[in-house]
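These are my notebook entries on what I looked up in this model, which is a predicted one. I set out to go through the fold, then the helices, the aromatic side chains, the charged pairs and the surface.

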Amino acid sequence: QPAIAAAARIVTDDRLAPIRVRSYPNFADFAPSLVQNPAGGNTILMNGAAVALARAAARDADDLPPFHDWWLCQLVLGAGGIVVLDPRPSVLYRQHGDNLLGAGTGLCGQIGRARRLFDGTYGRWLRANARVLMASRHRLTGRNRAIVEQFASDLAQNRFHPGRNGICREQGLGDLALRLAARLGCI
């Protein structure tokens, strides 16, 4: 069975002074992973079955999505595998001015995440993930294949509705923001 193990991480400033512990939502279902990354790439370990799955899926993809860790979790969960999250931090995650995305700490980090949600950037990420998952839909379980096909269709037709097929974010505020962005046509 494909499996990924990942852990929380300690978010630090550029001098490695701890800011906070960053945990990930502990969900084991495919649908929420379509809109939320369940694990940080710098803590991921994959078993042989997950590596083989990822290699095969990468060969079928025209291009890979912007965040490999998110896609790997989607692929493993979609194929009926598991993602195991350890709540104990295993690494330091240094925040600095050149982070591509960062941990979203502080007001500036939260504003940046909101901007990407409402300016269409997040929607482009969802579409990129959906395209790559569609290239591997034959590797997904029947249920998860149906979910990703509906999700990709909804995104393509600009009619994504959070909550359908269990596609939602695990934190209340994040899910509320996702629903508002979808209603405003930003996804």
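Before placing any residue, I note that helices (H or I, at least four residues) and strands (E, at least two) are taken as DSSP runs and are numbered from the N terminus.

**Entry 1: overall fold**

I looked up the secondary structure and found that the protein has seven helices and four strands. Reading from the N terminus on, I wrote down the order of the elements as β-β-α-β-α-α-β-α-α-α-α. I then turned to burial, for which I kept in mind that under 20% relative accessible area counts as buried and over 50% as exposed, with partly exposed in between. Of the 187 residues of the protein, 45% count as buried.

**Entry 2: helices α3 and α5**

How many of the eleven residues of helix α3 are buried? I find that ten of them are, so this helix (residues 68-78) is largely enclosed by the rest of the structure. Among the buried residues of α3 I list Asp69, Trp70, Trp71, Cys73, Gln74 and Gly78. Just after α3, I noted that Gly80 takes a positive phi of about 90 degrees.

For α5 I checked the length against expectation: at 1.5 Å a residue, its 15 residues should span 21 Å, and the end C-alpha atoms are 22 Å apart, which agrees. The buried residues of α5 include Thr121, Tyr122, Gly123, Trp125, Leu126 and Asn129. I looked at Trp125 on its own as well, since this residue, with a relative accessible area of 16%, falls under the 20% cut-off and is therefore buried. I also followed Trp125 towards the end of the chain, where the C-alpha atom of Ile187, 62 residues apart from Trp125 along the chain, is separated from that of Trp125 by 9.6 Å.

**Entry 3: aromatic side chains**

I counted the aromatic pairs in the structure and arrived at four. In one of them, the rings of Tyr122 and Trp125 have their centres 6.5 Å apart and their planes at 75 degrees, so I enter the pair as edge-to-face. Both residues lie in helix α5, three residues apart, which is about one turn of the helix. I recall that an α-helix has 3.6 residues a turn, so residues three or four places apart point the same way. Tyr122 and Trp125 are both buried. In another pair, the rings of Phe151 and Phe160 have their centres 5.5 Å apart and their planes at 85 degrees, so this pair too is edge-to-face. Phe151 is buried at a relative accessible area of 2%, and Phe160 is buried at 6%.

Which residues form one aromatic cluster with Tyr122 and Trp125? I find that Phe67 and Trp70 join them. I also noted a charge over a ring, in that the charged end of Arg9 sits over the ring of Tyr93, 3.8 Å from its centre.

**Entry 4: salt bridges**

Side chains of opposite charge can pair when their charged atoms come close. My count comes to eight salt bridges. I began with Arg139 and Asp60, whose closest N and O atoms are 2.7 Å apart. This pair links distant parts of the chain, with Arg139 in the loop between α5 (121-135) and α6 (142-156) and Asp60 in helix α2 (residues 48-60), 79 residues apart. Arg139 counts as partly exposed at 21% relative accessibility, and Asp60 is partly exposed at 35%.

A salt bridge also joins the side chains of Asp86 and Arg88, at 2.8 Å from N to O. Here I find Asp86 partly exposed, with a relative accessible area of 26%, whereas Arg88 counts as exposed at 58%. I then entered the salt bridge of Asp119 with Arg115, the closest N and O atoms of which are 4.0 Å apart. Asp119 counts as partly exposed at 39% relative accessibility. Elsewhere in my entries, Asp154, Arg159 and Arg164 are joined into one network by salt bridges that share partners.

**Entry 5: a nonpolar surface patch**

Last, I looked up nonpolar side chains on the surface, where Phe118, Leu180 and Leu184 form a patch with about 270 Å² of accessible area together. I placed Leu184 in the segment after α7 (172-183). At 56% relative accessibility, Leu184 is over the 50% cut-off and therefore counts as exposed.

Methods
Residues are numbered from 1 along each chain as its sequence is written. This is a predicted model: local features need pLDDT of at least 70, side-chain atom pairs count only at pLDDT 80 or more; totals for chains, interfaces and linings use all residues. Side-chain values use heavy atoms; hydrogens and water are left out. Buried means under 20% relative accessible area, exposed over 50%, partly exposed in between (1.4 Å probe, protein chains only). Patches are made of residues with over 30% relative accessible area and no salt bridge: like charges are joined within 9 Å, nonpolar side chains (Val, Leu, Ile, Met, Phe, Trp, Tyr) within 5 Å. Accessible areas come from the Shrake-Rupley method with a 1.4 Å probe; for residues, only the protein chains shown count as cover. Rings of Phe, Tyr and Trp (its six-membered ring) pair if their centres lie within 6.5 Å; planes under 30 degrees apart count as stacked, over 60 as edge-to-face and the rest as tilted. A charge sits over a ring if NZ of Lys or CZ of Arg is within 6 Å of the ring centre and within 35 degrees of the ring normal. The expected span of a helix is 1.5 Å times one less than its number of residues.
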